[in-house]
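Visitor: I have just opened this one and don't know my way around yet. Could you walk me through it?

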Amino acid sequence: MQSEDRVIHFGVELLHKPIKHKKDVLQKLYFDLSQTRNGGYDSTDFTHPVRPRFYSKQGKRSQSVAMFLPDRVLLVEEWADIPMSSFLDRTEAVAARVLEMDGVAPFVAHTATIRSTFALTHFDDARVFLLEQVCNQAGKIGPHFQRPVAVGGLRFTLPETDEYPGNVQITIESFRQSRDEVYVEAKGIFTREKIASGEVEIVLDHIRGIRSFITDRVFPYMNQYDIAAEAIE
């Protein structure tokens with residue numbers, strides 16, 4: 001398996017007690033972010049009062065979004081074309097300024113989600129790799145389901161421990177957009193610590209932790225199965 005994965009999504013939710021976001025406050029936030037490194041967006045959309053957003057679009061698919069819901073701020077890089085360092089800069093810029101807004105502080109919980117894909121080395125079909133090689137399901141699915149499998153994979157829920165913060169949900173699937181790639185989603189849910197002004201680095205550390213979980217935990221777990229047929233025999 002290729003050790004260099006392709007990150008396609010960054011996401012963060014910053015949860016706070018419900019408030020009503022004021023348009024003029026968000027407009028000032030939009031301007032302030034435009035003066036920061038990697039924090040700005042190209043446009044605003046106040047069409048829907050309960051979910052105003054800032055956004056940027058790059059190319060045909062990539063987009064950056066900051067959405068302001070009554071009880072949370074959602075930051076998303078979809079089909080990401082920026083490195084994680086830039087996403088961390090953006091998260092820090094937005095989170096620090098949102099915490100200064102009336103009625104927001106603290107963030108009572110937050111989540112961090114990263115999605116990426118790994119290219120296989122010895123298999124040309126991720127469904128065969130995951131269902132037959134990893135899960136040993138060769139010949140055991142079709143007779144019962146009696147139709148093709150478009151996507152198959154595994155899902156894990158890993159509870160928080162004293163050593164490792166956050167509940168972590170892991171999804172490993174065949175990737176719809178590319179036959180020989182494995183799709184991985186890792187989502188951390190952090191509820192133990194409230195994040196006050198000046199404590200945004202905790203959120204950033206948790207994002208880094210989710211990224212490390214993919215590269216240091218999920219990759220070697222999958223890579224042990226991506227071996228040549230002659231090696232299996």
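Guide: We can talk about the aromatic rings, then the charges over rings, and then one serine, keeping in mind that this is a predicted model.

Visitor: How many aromatic pairs are there?

Guide: The count comes to nine aromatic pairs. One of them is formed by Tyr30 and Phe54, which meet edge-to-face, with 5.2 Å from centre to centre and 65° between the planes.

Visitor: Why does that count as edge-to-face?

Guide: Because planes over 60 degrees apart are classed that way, and the angle for Tyr30 and Phe54 is 65°.

Visitor: And where do Tyr30 and Phe54 lie in the chain?

Guide: Tyr30 belongs to helix α1 (residues 23-34) and Phe54 to strand β3 (residues 53-58), so the pair links distant parts of the chain, 24 residues apart.

Visitor: Is Phe54 buried or exposed?

Guide: Phe54 is buried, with a relative accessible area of 0%, whereas Tyr30 counts as partly exposed at 21% relative accessibility.

Visitor: Which residues join up in a cluster through ring pairs?

Guide: Ring pairs link Tyr30 and Phe54 with Tyr41 and Phe68 into a cluster.

Visitor: Switching to charges, what sits over the ring of Trp79?

Guide: That is the charged end of Arg61, placed 3.6 Å from the centre of the Trp79 ring. Tyr41, which belongs to the cluster, has Arg90 over its face, at 4.2 Å from the ring centre.

Visitor: Last one: where does Ser174 lie?

Guide: Ser174 lies in strand β8 (residues 167-174) and counts as buried, at 5% relative accessibility. Leaving aside residues up to four places away in sequence, Ser174 touches several residues, including Ala126, Arg127, Glu181 and Tyr183.

Key: Residues numbered from 1 in each chain as written. Predicted model: local features only at pLDDT ≥ 70, side-chain atom pairs only at ≥ 80, totals over all residues. Heavy atoms only, no water. Phe/Tyr/Trp six-rings, centres within 6.5 Å; stacked < 30°, edge-to-face > 60°. Helix = DSSP H or I, 4+ residues; strand = E, 2+ residues; numbered from the N terminus. Buried < 20%, exposed > 50% of the residue type's maximum accessible area, 1.4 Å probe, protein only. Lys NZ or Arg CZ within 6 Å of the ring centre and 35° of its normal. Contact = heavy atoms within 4.5 Å.
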